[in-house]
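Work through these exercises with the model open beside you. Try each task before reading its solution.

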Amino acid sequence: MSKRTFRRVTKTWDEFWAEFWRIRLVGDDDAAHLNNEQVVEFCWETLKMKPGMSVLDLGCGAGYQALLFAQKGCEVLGVDISPPLVKHGNKLAKKLGVSASFAVGDMRTFKSDKLYDRIVILGMSFGFGTEEENLASLKCVYDALAPGGKILITAQHPYSISNHLGSEWLECDEGILLHRGEFDPMTCRLGGSWELACPDGALILEGENPELDGIRCYTVPELSSMLQNCGFRKPNFFGAWYLPGSPINWFSMEMICAADKPKRS
């Protein structure tokens with residue numbers, strides 16, 4: 001038997017990986033759809049959401065959760081750094097006929113003339129910037145939130161990183177997906193690399209990627225302090241998407257934080 005040789009191809013986030021991760025792997029996956037519904041329902045109850053509210057979904061990916069908020073009667077804007085994902089979200093919104101739109105933007109520099117009733121950052125999208133950029137993201141969220149509004153943010157739980165370390169592989173329609181997870185204890189960042197080995201012999205590597213430097217794993221005290229320094233109050237942490245909300249523990253797989261912006265005095 002001849003030895004298989006692979007030709008290495010490097011593709012950027014917008015060229016390949018964004019669509020691969022956020023659309024191809026989850027678009028028709030029943031488990032992913034059920035998880036999206038669970039996340040949206042948790043947000044709905046925890047943030048006391050109502051039809052007619054304006055919702056900003058930062059780091060919205062392909063827009064699946066944003067569209068569910070719209071289907072429940074909210075007016076939704078989804079913002080993501082990747083143009084292919086924004087295009088996909090707008091296409092689905094038009095197909096579903098819901099009050100949702102999607103735009104290219106960066107949560108670290110996002111500005112809005114409109115104030116939103118609720119803002120969410122889901123899918124552990126918070127923490128991929130530098131320390132200064134992550135704090136800037138929270139300040140942007142605060143500025144875009146209406147007085148008395150509420151936010152919900154998901155971050156990487158630092159005590160569950162062992163579930164993401166080492167080498168692993170996953171068989172998918174496109175081939176074999178290889179992952180090597182790494183954690184830097186000096187910077188508290190979880191990173192690693194992905195490669196996709198395709199049946200035609202192509203080995204697709206990661207090129208330019210907004211997530212390439214990994215995600216900063218904030219502890220509860222760290223994230224709570226950041227939020228309060230930006231002006232938020234009552235940060236409350238949960239460890240799962242189950243209702244009623246359960247407190248975060250060392251063994252929790254999720255870090256979910258809800259907080260309020262004070263009303264005008």
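A salt bridge here is a side-chain nitrogen of Lys or Arg within 4 Å of a carboxyl oxygen of Asp or Glu. Keep in mind that the model is predicted.

**Exercise 1. Test the pair D200 and R7 against the salt-bridge cut-off, then place both residues in the chain.**

Step 1. Take the N to O distance between the side chains of D200 and R7: 3.5 Å. The cut-off is 4 Å, so the pair qualifies as a salt bridge.

Step 2. Locate the partners. D200 is in the loop between β9 (189–197) and β10 (202–206). R7 is in strand β1 (residues 7–11). They are 193 residues apart, and the pair links distant parts of the chain.

Step 3. Check accessibility. D200 has 52% relative accessibility and counts as exposed. The limit for exposed is over 50%. R7, at 46%, counts as partly exposed.

**Exercise 2. Describe the salt bridges E41–K72 and R180–E195.**

Step 1. Start with E41 and K72. Their side chains meet at 3.3 Å, N to O. E41 lies in helix α2 (residues 30–46) and K72 in the loop between α3 and β3, so the bridge ties together parts 31 residues apart in sequence.

Step 2. Add the exposure of this pair. E41 is partly exposed, with a relative accessible area of 32%. K72 is partly exposed at 28%.

Step 3. Turn to R180 and E195. The N to O distance is 3.3 Å. R180 sits in strand β8 (residues 175–184), E195 in strand β9, and 15 residues separate them.

Step 4. Add the exposure of this second pair. R180 is partly exposed at 36% relative accessibility. E195 is buried at 17%, since buried means under 20%.

Step 5. Look for shared partners. D106, R108 and E133 are joined into one network by salt bridges.

Step 6. Set these against the total. The whole structure holds ten salt bridges.

**Exercise 3. Which side chain of opposite charge is nearest to D80, and how far away is it?**

Step 1. Place the residue. D80 belongs to strand β3 (residues 75–80).

Step 2. Find the partner candidate. R22 is the nearest side chain of opposite charge, 6.1 Å away.

Step 3. Apply the cut-off. A salt bridge needs 4 Å or less between nitrogen and oxygen. D80 is buried yet has no salt bridge.

Step 4. List what surrounds the residue. Beyond four places in sequence, D80 touches G59, C60, G61, L85, V86, A103, V104 and G105.

**Exercise 4. Is A62 buried or exposed, and what does it contact?**

Step 1. Place the residue. A62 is in the loop between β2 (54–58) and α3 (64–71).

Step 2. Read its accessibility. The relative accessible area of A62 is 3%, so it is buried.

Step 3. Collect its contacts. Setting aside neighbours within four places in sequence, A62 contacts R22, I23, L85, H88 and G89.

Step 4. Take one spacing. The C-alpha atoms of A62 and S112 are 21 Å apart, with their positions 50 residues apart along the chain.

**Exercise 5. Inspect the backbone at P244, C188 and K234.**

Step 1. Begin with the peptide bond. L243 and P244 are joined by a cis peptide bond, with omega about -5°. P244 is in the loop between β12 (233–238) and β13 (255–260).

Step 2. Move to C188. Its phi is positive, about 55°, although C188 is not a glycine. C188 is found in the loop between β8 and β9. It is partly exposed, at 28% relative accessible area.

Step 3. Finish with K234. Its phi is near 55°, a positive value in a residue other than glycine. K234 is in strand β12. At 57% relative accessibility, K234 counts as exposed.

**Exercise 6. What radius of gyration does the chain have, and what would a compact globule of 265 residues have?**

Step 1. Compare the values. A compact globule would be near 18 Å; the chain has 19 Å, which agrees.

Step 2. Add the box. The C-alpha atoms fill roughly 75 × 45 × 35 Å along the principal axes.

Step 3. Add the interior. Buried residues make up 48% of the 265.

Step 4. Add the contacts. Of those with a separation of 6 or more, 68% join residues 24 or more positions apart.

Step 5. Count the elements. The chain has six helices and 13 strands.

Definitions and conventions. Residues are numbered from 1 along each chain as its sequence is written. This is a predicted model: local features need pLDDT of at least 70, side-chain atom pairs count only at pLDDT 80 or more; totals for chains, interfaces and linings use all residues. Side-chain values use heavy atoms; hydrogens and water are left out. Helices (H or I, at least four residues) and strands (E, at least two) are DSSP runs, numbered from the N terminus. The radius of gyration is taken over C-alpha atoms; the globule rule is 2.2 Å times the number of residues to the power 0.38. Buried means under 20% relative accessible area, exposed over 50%, partly exposed in between (1.4 Å probe, protein chains only). Contact means heavy atoms within 4.5 Å. Lys and Arg count as positive and Asp and Glu as negative; His and the chain ends are not counted.
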